[in-house]
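Colleague: I would like to go through this model with you, one contact at a time. Where should we start?

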Amino acid sequence: MSKVEILQVGPYPEWDQLPLDAAFMSHRYFEAADKAAFLAAVGPNIRAIATRGELGANADMIAACPKLELISVYGVGYDAVDLNAARARGIRVTNTPDVLTNDVADLGVAMMLAHSRGMIGAEAWVRDGSWAAKGLYPLKHRVWGKRAGVLGLGRIGFEVAKRLAGFDMDIAYSDVGPKDYAKQWEFVADATALAARSDFLFVTLAASAATRHIVNAGVIAALGPQGMLINISRASNIDESALLDALETGALGSAALDVFEGEPALNPRFLALPNVMLQPHHASGTYETRKAMGALVRDNLMAHFAGKPLLTPVL
Ligand code: 8YV
């Protein structure tokens with residue numbers, strides 16, 4: 001029997017590529033020089049799209065594949081998939097929740113600690129001889145016991161808050177409503193009010209049109225000159241130009257960011273700032289988690305074409 005043809009939007013590690021190629025005929029969109037011509041040529045035979053969280057599948061891609069049945073996303077975030085286009089044609093969508101939750105939470109908390117304690121600069125202080133030449137490293141800010149806000153108490157936000165409790169932090173969260181699994185933490189409905197009572201504000205919301213720029217100039221101003229904003233969700237949750245303005249003027253103390261508008265390119269204004277920690281969208285980037293994500297992408301594809309229920313359906 002001939003293999004099911006799939007469109008692969010971005011590269012995967014070899015340990016995912018080999019089993020994917022063994023089971024499917026994968027057409028590699030990311031290798032095509034002329035994307036439109038490539039889609040026109042292979043689209044008619046495509047029955048599934050395998051993509052990544054940040055790459056998704058846009059309306060043109062979906063329209064080019066009239067036989068499309070499933071979009072399997074390597075990532076928990078599916079905001080880059082045109083869900084309306086998929087829904088309109090009854091195309092199923094899956095993601096990779098749960099398997100990455102703890103790693104994403106770990107990276108958020110690690111960024112808070114590393115940035116607050118100036119660990120990147122401290123490393124340079126040792127390596128460039130400043131320690132011997134200039135003496136003690138400049139003092140930095142304490143984390144434990146401070147006030148933390150978690151904007152979006154889903155799976156990842158919950159794991160962030162759990163970790164922050166280990167640092168004896170005073171924790172509050174915002175979400176569409178109070179969560180009965182979070183009675184130990186204060187619920188603050190309004191994002192600006194949450195920012196105003198936070199030294200550290202974590203953005204852990206699933207991104208959608210409804211959450212676009214939820215962290216706006218007002219939220220950023222409320223977090224203030226002593227505050228730190230940590231984003232391990234999607235860039236679209238933050239008004240990036242308001243963030244840059246506030247970081248440049250000192251209206252916001254600092255930011256630790258794993259995601260950027262237009263990534264992997266980023267606004268060059270970030271590179272000139274001393275008060276930001278910049279990370280290359282790698283919160284889920286451990287061998288263990290990425291292997292589990294890759295397996296889940298394949299398991300969803302296999303389940304679908306075997307006529308079995310999807311493991312982690314979005315649509
Ligand atoms: C990416 C992510 O998918 O889970 C998500 O939503 O954005 C990430 O895990 C990852 O960078 C792999 O492309």
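**Domains and ring contacts**

Modeller: We can start with the domain assignment, which splits the protein chain into domain 1 (5-99 + 288-305) and domain 2 (101-278). Keep in mind that this is a predicted model.

Colleague: How far apart do the C-alpha centres of domain 1 and domain 2 lie?

Modeller: The contact between the two domains draws on nine residues from domain 1 and seven residues from domain 2. Between the C-alpha centres of domain 1 and domain 2 the distance is 31 Å.

Colleague: Which three residues supply 58% of the area that domain 1 buries against domain 2?

Modeller: The area buried between domain 1 and domain 2 is about 640 Å², and carbon and sulfur atoms give 39% of that. On the domain 1 side, 58% of the area buried against domain 2 comes from three residues, more than from any other three: Asp79, Asp98 and Thr289.

Colleague: With which residue does Asp79 form a salt bridge?

Modeller: Two salt bridges are counted between domain 1 and domain 2. For Asp79, the closest N and O atoms of its salt bridge are 3.0 Å apart. The partner of Asp79 is Arg234.

Colleague: Turning to the rings, how is the aromatic pair of Tyr173 and Phe187 classed?

Modeller: The search of the whole structure gives eight aromatic pairs. In the pair of Tyr173 and Phe187, the centres are 5.5 Å apart and the planes meet at 55°. Stacked needs under 30 degrees and edge-to-face over 60, so with 55° the pair is tilted.

Colleague: Why does the pair of Tyr173 and Phe187 tie together parts that are apart in sequence, and how many residues separate them?

Modeller: Tyr173 belongs to strand β7 (residues 170-174), whereas Phe187 belongs to strand β8 (residues 186-187). The pair therefore ties together parts whose separation in sequence is 14 residues.

Colleague: Is Tyr173 buried or exposed?

Modeller: Its partner Phe187 has a relative accessible area of 26% and is partly exposed. Buried means under 20%. Tyr173 has 1% relative accessibility, so Tyr173 counts as buried.

Colleague: Which residue lies over the face of Trp15?

Modeller: The charged end of Lys35 sits over the ring of Tyr29, 5.1 Å from its centre. Over the face of Trp15, at 4.6 Å from the ring centre, lies Lys291.

Colleague: Against which elements do the buried residues of α8 pack?

Modeller: In helix α8 (residues 155-165), the buried residues include Ile156, Val160 and Leu164. The buried residues of α8 pack against α5 (101-116), β6 (147-151), β7 and β9 (200-203).

Methods:
Residues numbered from 1 in each chain as written. Predicted model: local features only at pLDDT ≥ 70, side-chain atom pairs only at ≥ 80, totals over all residues. Heavy atoms only, no water. Phe/Tyr/Trp six-rings, centres within 6.5 Å; stacked < 30°, edge-to-face > 60°. Helix = DSSP H or I, 4+ residues; strand = E, 2+ residues; numbered from the N terminus. Buried < 20%, exposed > 50% of the residue type's maximum accessible area, 1.4 Å probe, protein only. Lys NZ or Arg CZ within 6 Å of the ring centre and 35° of its normal. Domains from an automatic or database assignment. Contact = heavy atoms within 4.5 Å. Buried area = accessible area lost by both parts, 1.4 Å probe. Salt bridge = Lys/Arg side-chain N within 4 Å of Asp/Glu carboxyl O.
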